[in-house]
Amino acid sequence: MDSEHTKIPQATAKRLPLYYRFLNNLHGQGKLRVSSKELSEAVKVDSATIRRDFSYFGALGKKGYGYNVEYLLSFFRKTLDQDETTKVALIGVGNLGTAFLNYNFTKNNNTKIEVAFDANHDRIGEEVGGVPVQHIDDLEKHMDGIGVAILTVPATAAQGIADRLVEAGISGVLNFTPARITVPSNVRVHHIDLAIELQALVYFLKHYPLNEED
Ligand code: ATP
């Protein structure tokens with residue numbers, strides 16, 4: 001992203017793909033404009049936050065008109081580099097890894113899993129969801145142009161693989177293992193622990209029940 005966009009707060013930047021996906025659908029349906037209320041209901045972000053987010057990129061909705069879908073989309077496309085596909089590698093073709101490979105990330109997105117790796121020889125040479133599976137020993141041979149990696153290996157293997165990925169020039173890791181990995185400060189790690197997320201949801205439901213009027 002260029003310096004113009006570095007001023008967007010991180011919390012706003014994180015919501016951009018969400019907005020983008022919804023606006024893309026609206027555009028596909030031939031809609032020309034959208035109100036912040038409509039957007040708010042669809043993406044489950046309150047409309048004041050949406051208005052503030054949009055003001056960062058100079059999109060000031062007009063009262064009674066809303067936002068111009070085309071304008072927002074072209075802005076998001078530029079900001080999210082939608083024209084440029086980020087190549088992704090997936091490490092660990094187990095249950096979770098296989099599900100990701102079969103899930104078509106490119107449908108609404110600017111990312112594509114190009115290659116997968118596993119330590120299990122039985123899986124090598126296979127294609128899962130159209131993605132070739134290579135042996136983990138050959139990782140470095142297949143990392144050309146790959147900027148991001150998804151880690152779905154057992155926790156014990158996570159750090160060693162992360163080190164190799166960093167060495168191979170990766171800039172981002174989506175870590176689905178429970179292991180907290182250490183990487184240099186120029187590499188971004190997003191950590192998603194599905195078991196903890198589920199536990200947190202159950203905890204919140206129990207201790208902070210939602211009222212319909214809220
Ligand atoms: P999941 O956690 O995705 O449900 P699983 O229960 O099928 O996975 P795990 O033991 O978590 O299996 O391993 C996930 C995948 O990672 C397996 O396909 C396994 O062969 C692979 N794997 C294990 N160690 C390594 C490693 N060092 N390098 C690459 N792949 C590995």
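# A walk across the sheet

Start with the sheet: seven strands form an open sheet in the order β5-β6-β4-β3-β7-β8-β9, and the pairing is mixed. At its edges you'll find β5 (127-128) and β9, each with a single partner strand, so one side of each has no neighbour in the sheet. Keep in mind as you go that this is a predicted model.

**The whole chain**

Zoom out for a moment and colour by secondary structure. The protein chain has seven helices and nine strands. Of its 214 residues, 36% are buried. Its accessible surface comes to about 13,200 Å², and carbon and sulfur atoms account for 52% of that. Now think about contacts between residues with a separation of 6 or more: 56% of them link residues 24 or more positions apart.

**Into the sheet: β3, β4 and β6**

Select residues 86-91, which are strand β3, together with β4; the two pair in the parallel sense over six bridges. To see one of these pairings, pick V88 and look for its bridge partner in β4, I113.

Next, keep β4 (residues 111-118) on screen and add β6 (residues 131-135). These two are also paired in the parallel sense, over three bridges. Which residue of β6 is the bridge partner of F117? Select Q134 and you have it. One more pairing is worth a click: D118 stands opposite H135 in β6.

**Stop at H135**

Stay with H135, which has its place in strand β6. Is H135 buried or exposed? Its relative accessibility is 10%, and since buried means under 20%, H135 counts as buried. Show everything around H135: leaving aside residues up to four places away in sequence, it touches F117, D118, A119, H121 and I124. Two of the names there, F117 and D118, you have already met as residues facing β6. Then turn to D137, whose backbone nitrogen lies 2.9 Å from a polar atom of the H135 side chain.

**Along to β7, β8 and β9**

Now move to the other end of the strand order. Select residues 146-151 for β7 and 172-175 for β8: they run parallel and four bridges join them. V148 is a handy marker here, standing opposite G172 in β8. Add residues 155-167, helix α6, and you can trace a right-handed β-α-β unit made of β7, α6 and β8.

Carry on to β9, residues 188-191. Four bridges join β8 to β9, and these strands run parallel as well. Click L174, then its bridge partner in β9, H190. With β9 you have reached an edge of the sheet.

**A look at T156**

Go back to helix α6 and select T156, which is found there. T156 has a relative accessible area of 80%, so this residue is exposed. Now add T177. How far are the C-alpha atoms of T156 and T177 separated? They sit 8.9 Å from each other, with the two residues 21 residues apart along the chain.

**The last helix on the tour**

Select residues 194-207, helix α7. Try a quick check with the distance tool: 14 residues at 1.5 Å a residue should span 20 Å, and the end C-alpha atoms are 20 Å apart, which agrees. At the start of α7, pick D193, where a side-chain oxygen reaches to within 3.1 Å of the backbone nitrogen of A195.

**Back to α2 and α3**

For the final stops, jump to the loop between α2 (36-43) and α3 (47-56), and select K44 in it. What is the phi of K44? It is positive, about 60°, although K44 is not a glycine. As a rule, most residues other than glycine have a negative phi. K44 is also exposed, with a relative accessible area of 71%.

Finish on S47, found in helix α3. With a relative accessibility of 23%, S47 counts as partly exposed. Show its surroundings and, not counting residues up to four places away in sequence, you'll see that S47 touches S36 and S40. Add K37 as well: it is 10 residues from S47 along the chain, and the C-alpha atoms of the two are separated by 5.8 Å.

Key
Residues are numbered from 1 along each chain as its sequence is written. This is a predicted model: local features need pLDDT of at least 70, side-chain atom pairs count only at pLDDT 80 or more; totals for chains, interfaces and linings use all residues. Side-chain values use heavy atoms; hydrogens and water are left out. Two strands pair if DSSP finds at least two bridges between them. A crossover is right-handed if, with the strands pointing away from the viewer, the path from the first strand over the helix to the second runs clockwise. Buried means under 20% relative accessible area, exposed over 50%, partly exposed in between (1.4 Å probe, protein chains only). Contact means heavy atoms within 4.5 Å. Accessible areas come from the Shrake-Rupley method with a 1.4 Å probe; for residues, only the protein chains shown count as cover. The expected span of a helix is 1.5 Å times one less than its number of residues. A polar contact is a pair of N or O atoms within 3.5 Å; within protein, one must be able to donate a hydrogen and the other to accept it, and residues adjacent in sequence count only if both atoms are side-chain atoms.
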